[in-house]
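Reader: Before we discuss the assignments, may I see the sequence and the structure? I should then like to ask how each term is justified.

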Amino acid sequence: RWLYVATLLRWQEAGRLRVEDSATNHEVLAEVRARGDRTGVRVLSPLIDHFERVWYGDAPCDAQDYGAFSNLATQAWQHVGNPPAAVPTRKSEQPT
């Protein structure tokens, strides 16, 4: 979850969206779409889908799943510039 939130906050810092506490993930995506960022929509859509499947859908998340999510997050960071220096590769490396 922290990687997902950090990604959204990075997009906000870059001026690509405005993070609202009450906004749903699909409202976030709609905002990116409304700003005319079609590439941003293509980058964020799979990240949001993956996050929702695990966080809300209670899908399992093993090391391979987290690696795939980490790759999606890195692509999202790259889209707005300045990717993180290091993205944790295992769930156990996440801050608590």
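Author: Let us start just after helix α1, where G15 takes a positive phi of about 75 degrees. The model is a predicted one, in which local features need pLDDT of at least 70 and side-chain atom pairs count only at pLDDT 80 or more, while totals for chains, interfaces and linings use all residues. Residues are numbered from 1 along each chain as its sequence is written, and side-chain values use heavy atoms, with hydrogens and water left out.

Reader: What makes a run of residues a helix such as α1, and how do you know that the span of α1 agrees with its residue count?

Author: Helices are DSSP runs (H or I, at least four residues; strands are E, at least two), numbered from the N terminus. The expected span is 1.5 Å times one less than the number of residues. For the twelve residues of α1 this gives 16 Å, and the end C-alpha atoms are 16 Å apart, so the two agree.

Reader: Which residues of α1 are buried, and how do you know on which side they lie?

Author: Buried means under 20% relative accessible area, exposed over 50%, and partly exposed in between (1.4 Å probe, protein chains only). In α1 the buried residues are L3, Y4, T7, L8, R10 and W11. They cover an arc of only 155 degrees around the axis, so they are on the same side of α1; the arc is that of the directions from the helix axis to the C-beta atoms. These buried residues pack against α2, α3 and α4 (63-80).

Reader: What makes the buried residues of α2 line one face?

Author: The buried residues of α2 (residues 25-34) are N25, V28, L29 and V32. Viewed down the axis of α2, they fall within an arc of 95 degrees and therefore line one face of the helix. Their packing partners are α1 (2-13) and α3 (38-55). Just after α2, G36 has a positive phi of about 80 degrees.

Reader: Why is N25 called buried, and with which residues is N25 in contact?

Author: N25 has a relative accessible area of 10%, so it counts as buried. Contact means heavy atoms within 4.5 Å. Leaving aside neighbours within four places in sequence, N25 is in contact with Y4, I48, F51, E52 and Y56.

Reader: How many aromatic pairs are found, and why is the pair of Y4 and F51 called stacked?

Author: A search of the whole structure finds three aromatic pairs. Rings of Phe, Tyr and Trp (its six-membered ring) pair if their centres lie within 6.5 Å; planes under 30 degrees apart count as stacked, over 60 as edge-to-face and the rest as tilted. The rings of Y4 and F51 have centres 4.0 Å apart and planes at 10 degrees, so the pair is stacked. Because Y4 lies in α1 and F51 in α3, the pair ties together parts that are 47 residues apart in sequence.

Reader: What about F51 and W55: why is that pair stacked, and is each residue buried or partly exposed?

Author: With centres 5.8 Å apart and planes at 15 degrees, the rings of F51 and W55 are stacked. Both residues lie in α3, four residues apart, about one turn of the helix. F51, at a relative accessible area of 7%, is buried, whereas W55, at 45% relative accessibility, counts as partly exposed. Y4, F51, W55 and Y56 form one aromatic cluster.
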